[in-house]
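This report takes up the overall build of a protein model, then one of its helices, one buried position and the contact between its domains. Please look over the sequence and the structure before reading on.

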Amino acid sequence: MKPSRLLSLIALACSLLAGIALAAEPQVSDEQRSALKTANADPTLAPDLLLPAEDMAWWRDAKFGVFVHWGLYAIPAKGEWHMFNDKVPAAEYAKLAQRFNPQHYDPDAWAQLAADGGARYMVLTARHHDGFSLFASKASWGQFDAPHSAAKRDLVAPWVQAVRRHGLRVGLYYSPLDWRFPAYFHPKEMPENARELKQQTYGQIQELMSQYGRIDILWYDGGWLAHQGTDADAAWFWEPDRLNRIVRKLQPKIVINPRSGWQGDFDTVEGDAPIEGPIRARPWEKTFSINGAWGYVPEGNVKSADQVVDAMVNAVVRNGNLLVNLGPDADGVVPPKQSETLRGVGRWLHRYGQAVYGTRPGPLQPVDGIYGMTQRGDKRYLFVQRWPDAELALPVLPGKVTGVRNLSGDKVAWRDGPQGLSVSVPTSRRGEPFTVLEISIAADSR
Ligand code: GLC
């Protein structure tokens, strides 16, 4: 780990401890928790498991995915941490399975919505921390799975088919941790229970990797132990190198996130914090929920399409993807405001997607809050978020500029000189949340 990263972790840990000292019930935000647990890249652990660049290309081209958090927790409607946060005993929580009978579960409608939103992949919570599996799972401890619930069927199988039918890539989320096992909190003190927990994880990962044909993304969450430390700190227990070796055998080209404690093929950043800083060397993915929680809660503070586009562009110009989450209700319906936001993103992408999909960041570094760039072939795309002045003066771009076009169809004035390129758009024609300009570079001058 880099010393600067270590220092910021120590600072974060101190501020969390200070919070505990001051308040009886410390509120740890998703952001803080996630910064702690995901600061885990250990590049020396099984580097041979990393996907070669050519197999990561589709994921880097895709840019935008839709996450779905769905499970029994949609019934009490208090978010996916309800069982733990409200201290619901496992036996009590398990009764929800007999009430889980989604009448309007229509995976085609979900996939259609994601496609309308411009997403190129989807990720579904096959099993969250509560231990309930949406799929048919012989390895599930206590047969806590959808076929043994009121739904009486595997809910992952039709979803995988629907997502494929809509031309999207298929991702499965899986949480190694399961709150039903006391050993999750006391792995060393309860070796037999810990063994069962680990056996369930290995068994279920093998089921997910072999029951549904090709899977494109494996999205782990919660490789940590007792909700403490980082995912990598718990590698002694989960042996993520061994686990992912099994995964690679069954799904040689699957893209794996870093949350099993192995570094994974890309980095994960959770939460609503603004995206800033330079282009990151490793591919990464920002993820947050459109509504206030990941799992279903009544719609409150739903993000607007502009907010989602803002995050997407700011991720993409820094080598990232965006995965936005929907929380369908217990009946399988995606609440209306979340759908509306996603459709708004789709309309924006329909117009400006050529500056997003299949691009790579640069060549200029982004300037926080002002602009960022992407590129593909002899085109450079400039996303202007805030105009510092009547015109925006850029540093010198490699290559000879032959034209600048405003992708909205509106006018743009430009001037290229030894100091660099200057562009301007009339104030009334500036786009929200971005003005998107396409810059052409002479092919022989690159
Ligand atoms: C946070 C939440 C967890 C959710 C995850 C998605 O870690 O605590 O419930 O599944 O984010 O990335």
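The expected span of a helix is 1.5 Å times one less than its number of residues. In this predicted model, helix α8 covers residues 191-210, and its 20 residues should therefore span 28 Å, in agreement with the 28 Å that separate its end C-alpha atoms. The buried residues of α8 are L197, Q200, T201, Q204, I205, E207, L208 and M209, and the elements that cover them include β2, β3 (169-174) and α10 (240-250).

Helix α8 belongs to a protein whose secondary structure comes to 12 helices and 16 strands. The C-alpha atoms fill a box of roughly 70 × 50 × 50 Å along the principal axes, and the radius of gyration of 23 Å agrees with the value near 22 Å that a compact globule of 446 residues would have. Of the 446 residues, 45% count as buried, and among contacts between residues at least 6 apart in sequence, 71% join residues at least 24 apart.

Confidence should be kept in view when the model is read: the average pLDDT is 92, and 90% of the residues score at least 70, whereas pLDDT stays under 50 over residues 1-26, for which the model has 10 contacts beyond four places in sequence.

L155 offers a local view, being placed in the loop between β2 (121-127) and α7 (156-165). Because 24 other C-beta atoms lie within 10 Å, L155 counts as buried. Leaving aside neighbours within four places in sequence, the contacts of L155 are Y105, L134, F135 and A146. W262, by contrast, is 107 residues from L155 in sequence and lies 28 Å away in space, C-alpha to C-alpha.

The protein is divided into two domains, with the bounds and contact residues given here.

| Domain | Residues | Residues in the contact |
|---|---|---|
| domain 1 | 34-355 | 14 residues |
| domain 2 | 362-445 | 15 residues |

The centres of domain 1 and domain 2, taken over C-alpha atoms, are separated by 36 Å. On the side of domain 1 that touches domain 2, the elements that give two or more residues are α11 (305-316) and α12 (336-352), and the largest share of that side, six residues, comes from α11. By residue class, this side of domain 1 divides into eight nonpolar, one polar and five charged residues.

Terms used: Residues numbered from 1 in each chain as written. Predicted model: local features only at pLDDT ≥ 70, side-chain atom pairs only at ≥ 80, totals over all residues. Helix = DSSP H or I, 4+ residues; strand = E, 2+ residues; numbered from the N terminus. Buried ≥ 20, exposed ≤ 12 C-beta atoms within 10 Å, placed from the backbone. Contact = placed C-beta atoms within 7 Å. Rg over C-alpha atoms; globule rule 2.2 N^0.38 Å. pLDDT = per-residue confidence, 0-100. Domains from an automatic or database assignment. Nonpolar A, V, L, I, M, F, W, Y, C, P; charged D, E, K, R; others polar.
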